[in-house]
Every structure is written in structure tokens, then in C-alpha cells.
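Hi,

Here is the structure I promised to pass on to you. Have a look at it first, and below it you will find my notes on what turned up.

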Amino acid sequence: MRLLNDDGVRHVEVMLVQVDGVGLHVEVEGPREQAPVVFLHGVGSSGRTWEWLPRSATRGRRIVRVDLRGHGRSDHAAGTYDLERYGADVVGVLGELTSRPVLLVGNSLGGVVAWWIAQSHPELVAAALLEDPPLLAGETPPGEAGRFRDVFHAVKATIVDHRARELPESALAERLGGLCWAPGTPALGEVLTDDAIAALAFGYHRLDLGVIDGAIDGSTLAAADTRAPVGPPVVVVAADDAAGAAFSTRDAERLAETQPAVRVARIAGSGHRIHDERRHRGTFLGHLSGFMDAYTG
């Protein structure tokens with residue numbers, strides 16, 4: 001597989017890693033002798049959401065992108081979409097790739113999966129960067145939780161309608177670009193980059209809808225634990241409360257009570273998908289590059 005980037009052509013190794021009978025699509029690029037930086041995506045997305053990373057940030061690093069079960073090009077496994085299985089899948093992938101501690105980078109669900117791995121298997125993790133993770137979703141007040149459930153209901157309805165019409169992926173991308181998840185909010189195409197819209201359509205087009213059901217009923221993140229100790233360093237890059245942060249200022253305050261070593265950087269004005277936003281991708285990249293520089297080697 002070959003992907004074009006701003007610095008020419010880069011070569012990507014595509015793997016299908018079997019974990020507990022589920023085939024996981026994994027893409028790897030960069031020097032084999034380097035410890036991997038493993039990128040994890042959010043609900044409904046795929047490893048494609050990280051393909052935009054510029055060579056200036058990834059050159060000389062071993063970059064790994066994983067499609068979680070039920071997502072992207074990985075196998076569907078109905079009834080198994082929960083935090084512990086997602087985490088165990090990534091642990092299985094790491095076992096196939098390296099014997100060295102890795103850096104984990106995860107958006108949303110991927111951030112909580114990275115947290116679970118750092119907490120449950122600290123020997124595998126050098127450090128973790130979590131992008132606006134819903135770490136305390138189980139403790140979210142009902143009113144706020146309802147807002148997130150409404151978004152997932154809208155996502156599911158969009159996917160169901162798209163599939164009923166038997167439309168191509170390109171049509172879904174066009175629809176997503178004009179979509180507003182809530183009244184008074186700008187269309188996604190105004191907020192997200194073009195490649196982010198395409199990656200989102202790619203993910204939704206292939207998604208097992210059971211993934212969305214777990215996000216709606218709360219079962220996906222039911223096992224999240226913010227009280228047990230976490231050994232490796234953890235950095236959280238959070239969105240703005242006013243723009244729908246999944247890791248709110250109040251969440252940061254509560255997490256500090258049990259995990260005072262976790263560092264939090266909040267991006268003013270940014271919504272939940274920080275790395276995909278036109279206005280804030282550069283800021284996120286700065287945090288990511290600083291994280292990789294700080295904890296590599």
C-alpha cells in the first residue's frame with residue numbers, strides 16, 4: 001500500500017492481526033528499529049483519521065494506525081464492543097509489533113483505550129496522549145450525557161438512512177459536509193478539514209452499528225476507572241467546554257483528585273475532534289510533536 005504525503009510517497013505495511021478470533025487492520029510505516037507510536041481513533045472512525053500527519057512530524061518514527069474491532073477494515077464482532085476488549089485488542093497488536101514500550105495517542109474512545117492500557121499494562125507504555133477523552137463519561141450528569149447520546153442517535157440515523165439508500169461513500173461524505181449535529185452549530189464541512197470529512201465517511205460507511213449502540217447505552221466505557229493508579233506519564237489535550245468538550249474542566253478537576261500527575265492542556269475554541277478541525281489542527285500538532293519529542297528515547 002502506498003500513500004501520498006507532502007514529502008512525496010511513503011510506504012505503508014498493511015497487517016491483519018488476529019486477536020481472540022477478530023482480524024484487526026493495522027498499518028505501519030517508518031524505521032523498524034524505532035519504538036512505535038500507536039494511534040487510536042474514536043467511535044465510528046478508523047486509523048484513516050491519522051493519515052494526514054505530515055512527514056515533518058513523523059519522519060524517523062515508527063507510526064502505527066489501528067482500526068479497532070467493528071471499525072474501518074477490521075472484523076465486526078457483534079456484542080463485544082466494550083473498553084476491555086478494545087484494550088485487549090491493542091495489547092495483542094503490540095505483542096505482534098514490538099517488545100519495547102510504546103507511545104499511545106488516542107482520540108475520544110481511542111484516548112480511553114490508551115488510558116486503560118497504560119493502567120492495566122504499564123510495562124507496555126512509555127507515555128500516552130489522550131485527545132479529549134470521555135474518561136469520566138460514567139459520572140457525567142444526566143443532562144450532559146443526554147447531549148452526547150443525542151449526537152450518537154443522529155450518527156446512527158444518518159448511517160441507517162445512507163445504507164437504506166445504497167449510496168456510495170462519496171455521497172455520505174457530501175452529506176456529512178453539510179450536516180449540523182445540533183441547531184445553531186456550523187456545518188461539519190465548515191469546521192473539519194476535507195480529509196477529515198472523507199475519513200469520517202470512510203469509517204461510517206464500514207461501521208458495525210453495534211458500536212454506536214454501545215456508545216448510546218453507555219456500555220462501551222462502563223469499565224473506565226479513573227481511581228486506580230496509572231504508572232506511565234499521561235497528557236490530555238482537551239477541547240473547549242463551550243464547544244462540546246468530552247473532557248470538561250470539571251472532569252479535569254475530578255481527575256486531579258485521584259491522578260494529580262496527569263497534565264492537561266485545553267484548546268480554546270476547539271470542539272471534540274481537535275485534530276480534524278481546520279482552526280485547531282496546527283495547535284494539536286504542536287502538542288503532539290512536543291509529546292513525541294519528550295517521551296521518545
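Ser108 sits in the loop that connects β7 to α3. Keep in mind that this is a predicted model. The phi angle of Ser108 is near 55°, which is positive although the residue is not a glycine. Most residues other than glycine have a negative phi. Is Ser108 buried or exposed? Its relative accessibility is 11%, and because buried means under 20%, Ser108 counts as buried.

Asp20 also has a phi near 55°, again a positive value in a residue other than glycine. Asp20 belongs to the loop between β3 (13-19) and β4. With a relative accessibility of 67%, Asp20 counts as exposed, whereas Ser108 is buried.

On to the helix that follows Ser108. Helix α3 covers residues 109-120, 12 residues in total, and its first and last C-alpha atoms are 16 Å apart, close to the expected 16 Å. How many of its residues are buried? The count is 11 of 12, so α3 is mostly covered. Among the buried ones are Leu109, Val112, Trp115, Trp116 and Ile117. What do these buried residues pack against? The partners are the strands β5, β7 (102-107), β8 (125-131) and β9 (234-238), together with the helices α2 (83-97) and α9 (249-258).

Since α2 is one of those partners, a few words on that helix. The 15 residues of α2 should span 21 Å at 1.5 Å a residue, and the end C-alpha atoms are indeed 21 Å apart. Asp82 caps the N-terminal end of α2, with a side-chain oxygen 3.2 Å from the backbone nitrogen of Glu84. The buried residues of α2 include Leu83, Tyr86, Val90 and Leu94.

Tyr86 brings me to the aromatic rings. Searching the whole structure gives 4 aromatic pairs. One of them joins Tyr81 and Tyr86 in a stacked arrangement, 6.3 Å centre to centre and with 20° between the planes. Both partners are buried: Tyr81 has a relative accessible area of 6%, and Tyr86 has 0%. Elsewhere, ring pairs link Phe39, Trp50 and Phe284 into a cluster. A charged side chain meets a ring too: Arg281 lies over the face of Trp52, 4.1 Å from the ring centre.

Next, the strands. How many residues of β6 (residues 62-66) are buried? The answer is 5 of the 5, so the strand is largely enclosed by the rest of the structure. Both of its faces are covered, with Arg62, Val64 and Val66 buried on one side, and Ile63 and Arg65 buried on the other. Strand β4 (residues 22-29) runs antiparallel to β6, and 4 bridges join the two. Strand β5 runs parallel to β6, also through 4 bridges. Val64 is worth finding in the viewer: it is the bridge partner of Val28 and also of Val38.

Just past β5 comes His41, in the loop between β5 (36-40) and α1 (55-58). Its relative accessibility is 0%, so His41 counts as buried. Which backbone atom does its side chain reach? It is the nitrogen of Leu68, at 3.0 Å. Beyond its sequence neighbours up to four places away, His41 touches Ser46, Gly47, Thr49, Trp50, Val66, Asp67, Leu68, His71, Asn107, Leu109 and Gly110. That list ties several of these notes together: Trp50 is in the ring cluster, Val66 is in β6, and Leu109 and Gly110 are among the buried residues of α3.

One last spot to look at is Ala246, in the loop between β9 and α9. Ala246 is buried, with a relative accessible area of 11%. Its C-alpha atom is 6.1 Å from that of Pro133, although the two residues are 113 apart along the chain. Setting aside neighbours within four places in sequence, Ala246 is in contact with Asp132, Pro133, Pro134, Phe148, Asp251 and His272.

Happy browsing, and best wishes

Note on methods
Residues numbered from 1 in each chain as written. Predicted model: local features only at pLDDT ≥ 70, side-chain atom pairs only at ≥ 80, totals over all residues. Heavy atoms only, no water. Buried < 20%, exposed > 50% of the residue type's maximum accessible area, 1.4 Å probe, protein only. Polar contact = N/O pair within 3.5 Å; in protein donor to acceptor, adjacent residues only side chain to side chain. Contact = heavy atoms within 4.5 Å. Pairing = 2+ DSSP bridges. Phe/Tyr/Trp six-rings, centres within 6.5 Å; stacked < 30°, edge-to-face > 60°. Lys NZ or Arg CZ within 6 Å of the ring centre and 35° of its normal. Expected span 1.5 Å × (residues − 1).
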